[in-house]
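Reader: I would like a close look at a single part of this structure, followed outward to whatever bears on it. Please take the steps slowly and give the reasoning where there is some.

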Amino acid sequence: ALIHAGPRGSVTFHGDTVSILGSVFAPGGFIGIKGADKFPTLDPNPTQALATVYIGPHSHLSTAGTVVLTPDAYGRRTGYVLPGGTISVSGNIIAEQGAVLDVSGTSGELDLNPALLALTTTGDYLDGSIRVPFTSGLTTPVYGTASVRTTIDSNGGTIILDGGEELFTRATLLGNAGGPTATGGTLLVSSGRFYPSGVTAEPDDLNLVVTQSRPNGTFFAPGQSGIGKAIAGTPGMGYFAANDFQRGGFDNLQLGGNVQFDGRVTIDARGALSVGTGGVISANDAVHLHASYVSLGTLFAPPMLPTQVQNPFILAGQPFYFPPTFGPGTLTVTADHIDIGNLSLQNIGSARLIADHGDVRGDGTFDIAGDLYIRAAQVYPVTGTTFTIAAYNHGGTQGSVTFERSGLNHLPLSAGGTLNVFAANIIQNGVLRAP
């Protein structure tokens with residue numbers, strides 16, 4: 001089966017269960033697939049998560065960019081170079097190996113007026129497409145018809161994978177830039193987790209497991225559908241392989257919720273990398289994160305009055321407290337700029353944040369049981385907020401926080417913030433500011 005919505009088209013599938021076995025094309029447009037967050041069943045006490053969205057091994061979903069040519073009285077190549085669009089998938093998701101989700105940009109040649117060649121490829125449309133604004137009526141003076149054949153590249157789009165109680169994907173995810181002058185796309189990955197009847201979700205529950213690679217093969221035999229079925233022997237939550245991001249040509253990645261890194265994991269993003277938006281990051285081995293911009297923990301909250309106290313973790317309307325835990329995991333983050341929200345490191349005994357000649361900026365509480373090393377041009381809180389860094393003791397061993405200076409930046413555009421540092425050992429050789 002094939003659905004072709006045309007350039008900037010929109011196709012949406014919405015039901016309790018959705019099974020995609022064919023192909024959908026909406027160049028530069030939108031494809032939405034939404035199933036129920038829980039499988040519709042009469043069983044009052046289900047024992048495992050069951051799939052509500054199944055993307056089969058031969059399915060092809062594409063909002064990749066395209067070139068749209070418009071008529072021109074002088075026979076020139078005028079029109080649009082569309083960027084990649086958006087593919088959004090939500091529900092209890094199983095995406096088979098062999099499936100393709102593509103939001104790549106494209107490249108095309110258009111004839112531009114010489115006066116326009118100084119323009120960048122950001123375009124004059126909010127969606128990033130490029131328009132060639134000729135005034136090309138038959139009465140246009142001859143000098144107005146001059147043109148130069150120019151290659152234009154468009155940016156990659158966005159893929160959103162949002163699991164309800166589970167997310168299993170072995171699909172090929174593509175978000176390549178259209179060419180050297182464009183940027184790659186954005187990949188957003190998050191999931192809830194399955195809770196048996198009578199079990200209450202807690203704010204520190206892990207819901208997304210990240211590994212470096214994934215097994216090969218499909219989840220189900222050819223001709224079978226995953227709708228209403230479980231992945232045997234695997235707890236219901238999100239599972240994602242970092243290599244799917246690395247190979248897909250994306251520039252930006254967000255790993256939402258509470259993230260558990262399983263095994264050695266290295267993620268290298270050309271643009272922005274956001275990890276642990278639920279406020280918890282766990283690891284059992286060495287984790288290396290590198291990007292131009294890295295955000296760790298919850299998103300920044302708006303400034304509050306000095307009399308206001310808001311706990312970042314709430315359960316049943318009451319503050320929920322849990323300490324960081326020491327373990328064999330290590331976390332190394334390298335970026336031009338690092339933002340830290342509320343964040344608790346679990347099973348991690350050592351963390352290194354390196355922003356050479358850049359800033360480390362915070363809003364919330366950053367907890368570790370072990371040793372924290374921060375190297376940057378400066379460390380400071382966001383305007384009107386409190387940034388607290390705490391290194392807990394563990395097993396009779398004292399925790400430590402070490403600051404080192406690297407480079408020099410101008411005074412930050414921040415005011416009225418508070419910076420707290422708590423540890424048995426604090427080594428201060430950096431630049432700490434709270435203007």
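Author: Relative accessible area is read here in three classes, so that buried means under 20%, exposed means over 50%, and partly exposed covers what lies in between. The model is predicted, and every value below is computed from it.

The class limits can be tried first on Ala-230, which sits in the loop between β18 (208-211) and β19 (238-241). Its relative accessibility is 21%, and because buried requires a value under 20%, Ala-230 counts as partly exposed. Once residues up to four places away in sequence are set aside, Ala-230 touches Gln-48, Ala-49, Leu-50 and Phe-220. Gln-254 follows 24 residues along the chain from Ala-230, and the C-alpha atoms of the two are separated by 26 Å.

The part that deserves the close look is Asp-363, placed in the loop between β32 (348-362) and β33 (364-369). Asp-363 is buried and yet has no salt bridge, since the nearest side chain of opposite charge, that of Arg-361, is 8.7 Å away, whereas a salt bridge requires a side-chain nitrogen of Lys or Arg within 4 Å of a carboxyl oxygen of Asp or Glu. What the side chain of Asp-363 does have is a polar atom that lies 3.0 Å from the backbone nitrogen of Ala-301. Ala-301 also appears among the contacts of Asp-363 that remain when neighbours within four places in sequence are left aside, together with Phe-300, Ile-340, Gly-341, Asn-342, Val-382, Thr-385, Thr-386 and Phe-387.

One of these contacts, Asn-342, leads on to the largest pocket, whose volume is about 800 Å³. The lining of this pocket comprises 33 residues, and those nearest its centre are Gln-310, Pro-312, Asn-342, Gly-364 and Thr-365. At least two lining residues come from each of β31 (343-346), β33, β35 (386-392) and β37 (418-422); of these strands, β33 is the one that bounds the loop of Asp-363.

Arg-361, although 8.7 Å from Asp-363, has a partner elsewhere: Arg-361 forms a salt bridge with Asp-339, and their closest N and O atoms are 2.7 Å apart. This pair links distant parts of the chain, with Arg-361 in strand β32 and Asp-339 in strand β30 (residues 337-340), 22 residues apart. The two partners fall into separate classes of accessibility, for Arg-361 is partly exposed at 26%, while Asp-339, at 3%, is buried.

The structure holds nine salt bridges, and two further examples may be set beside that pair. Asp-285 forms a salt bridge with Arg-264, with the closest N and O atoms 3.6 Å apart. Here too distant parts of the chain are linked, 21 residues apart: Asp-285 belongs to the loop between β24 (280-283) and β25 (286-290), and Arg-264 to the loop between β21 (259-261) and β22 (265-268). Asp-285 is partly exposed, with a relative accessible area of 26%, whereas Arg-264, with 59%, is exposed.

In the other example, Arg-149 forms a salt bridge with Glu-109, the closest N and O atoms lying 3.8 Å apart. Arg-149 is in strand β14 (residues 148-153) and Glu-109 in strand β12 (residues 107-112), 40 residues apart. Arg-149 is partly exposed at 47%, and Glu-109 is partly exposed at 37%. These two residues are joined by Asp-111 in a network of salt bridges.

Conventions
Residues are numbered from 1 along each chain as its sequence is written. This is a predicted model: local features need pLDDT of at least 70, side-chain atom pairs count only at pLDDT 80 or more; totals for chains, interfaces and linings use all residues. Side-chain values use heavy atoms; hydrogens and water are left out. Helices (H or I, at least four residues) and strands (E, at least two) are DSSP runs, numbered from the N terminus. Buried means under 20% relative accessible area, exposed over 50%, partly exposed in between (1.4 Å probe, protein chains only). Lys and Arg count as positive and Asp and Glu as negative; His and the chain ends are not counted. A polar contact is a pair of N or O atoms within 3.5 Å; within protein, one must be able to donate a hydrogen and the other to accept it, and residues adjacent in sequence count only if both atoms are side-chain atoms. Contact means heavy atoms within 4.5 Å. On a 1 Å grid over the protein atoms alone, a cavity is a set of points where a 1.4 Å probe fits but cannot get out, and a pocket is an open set with protein on both sides within 12 Å along at least five of seven lines; lining residues have an atom within 4 Å of a point. Grid points are joined across faces, edges and corners, and a volume is the space filled by probe spheres set on the points.
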